[in-house]
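Hi everyone, thanks for making time. I'd like to walk you through a structure that is new to most of us, so let's get it up on the screen.

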Amino acid sequence: MKLCYFNDFRLGVVKGDQVVDITDAMKDIPHLHTRDLIIGLIERWDTHKAKVEKAANEGKGVALSSVRLRPPVPKPGNIDCMAVNYMEDGTLKEKPAINAFHKASTAVIGDGDTMVLPDVPASIFEGEAELALIIGKRASHVSQADAFKHIFGYTCFIDGSARGLPPPGNVFFQMKSRATFAPMGPWIVTADEIANPQKLNIELKNNGQVMQKFNTDDMAHQIPRTIEWLSSIHTLEPGDIVATGTNHRGLNAFMDGDKVELTIEKVGTLKFNVKDEHKRTWARTTRSQHKDAGKEGPHTPQLTGKHAAK
């Protein structure tokens, strides 16, 4: 099943090229606003799944192309992002130490929305293509054997970054938790729809050009280990997001006017725009291309615009 939010945060089920509104059928779930409904539904999925199916089968659909999709989890309690969690097409000789960071939930935007690059002296702005897990059941000190029991579904996720910010302060926090730096969507695909999430193709296009292309089988720390480790540090709650990391070799500069598409096999395609009022520019070069050319630094330098090196 595919669950989405659309228009004024109406909860819907996607059926082919149609979406069926199920908001009113879920009114027994306690909520302050319809955007809270999805977390309540995830918590009560065992008792409400049949009701969702009935509402989707009996309701009248409207064309997906006629609605505005919204983030499928507009207000997650936590966003945990795995750091350096791919073997980078075999270019890493050793498995990196398991690591993660928190991203502000207020950074979330949805399909068709715009990532806005802030007026800060970042050395580059990048977005990392990632498979995200939506937690379905409270998870504390979960074993790897039980990890998949705690996953409700999957969605596409972009981990936006403003890299190279100068001190003082927690530079990593400043880099990751900017407003609009967590595009996700276009919907949630429930876990029963994907037999093996460790064998999914991921592709990111920027203005139609393929920049990132990799498979989730290249994860250094696979999903069961990720949930085991994260849940040993803090309790994961229904509706929490776990972004599983990216292959950094295809990372590239995000610039004003870019149209980005992230496609994950069996999940869907997330589309969003990039805006930068300062019109800063970088070469359209991936990290691996920059390295293979023997250039200095981890990525291509800024070419023009505010904060560019004199």
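Sorted by class, the residues that line the largest pocket are eight charged, six nonpolar and three polar. Do keep in mind that this is a predicted model. The pocket holds about 340 Å³ of space, and 17 residues line it. Nearest its centre you'll find Val-84, Glu-88, His-248, Arg-249 and Arg-287. Which elements give two or more residues to this lining? They are β11 (151-163), α3 (171-176) and α5 (287-292), and α5 has the largest share, with three residues.

Now let's move to the second largest pocket, with about 270 Å³ of space. Here 14 residues form the lining, and Trp-45, Asp-46, Lys-137, Ile-151 and Phe-152 are the closest to the centre. Two or more lining residues come from each of α1 (37-43), α2 (45-58) and β11. The most come from α2, which gives three. By class, this lining has six charged, five nonpolar and three polar residues.

Last stop, strand β6, residues 79-82. Are its residues buried or exposed? Ile-79 and Cys-81 sit on one side, Asp-80 and Met-82 on the other, and all of them are buried, so both faces are covered. That split fits a general pattern: in a regular strand, side chains alternate between the two faces of the sheet.

And the partners of β6? With β15 (residues 241-243) the pairing is parallel, over three bridges, and Ile-79 has Ile-241 as its bridge partner there. With β7 (residues 100-102) the pairing is antiparallel, also over three bridges, and Cys-81 stands opposite Phe-101.

Technical notes: Residues are numbered from 1 along each chain as its sequence is written. This is a predicted model: local features need pLDDT of at least 70, side-chain atom pairs count only at pLDDT 80 or more; totals for chains, interfaces and linings use all residues. Side-chain values use heavy atoms; hydrogens and water are left out. Buried means under 20% relative accessible area, exposed over 50%, partly exposed in between (1.4 Å probe, protein chains only). Helices (H or I, at least four residues) and strands (E, at least two) are DSSP runs, numbered from the N terminus. Two strands pair if DSSP finds at least two bridges between them. On a 1 Å grid over the protein atoms alone, a cavity is a set of points where a 1.4 Å probe fits but cannot get out, and a pocket is an open set with protein on both sides within 12 Å along at least five of seven lines; lining residues have an atom within 4 Å of a point. Grid points are joined across faces, edges and corners, and a volume is the space filled by probe spheres set on the points. Ala, Val, Leu, Ile, Met, Phe, Trp, Tyr, Cys and Pro count as nonpolar, Asp, Glu, Lys and Arg as charged, and the others, Gly among them, as polar.
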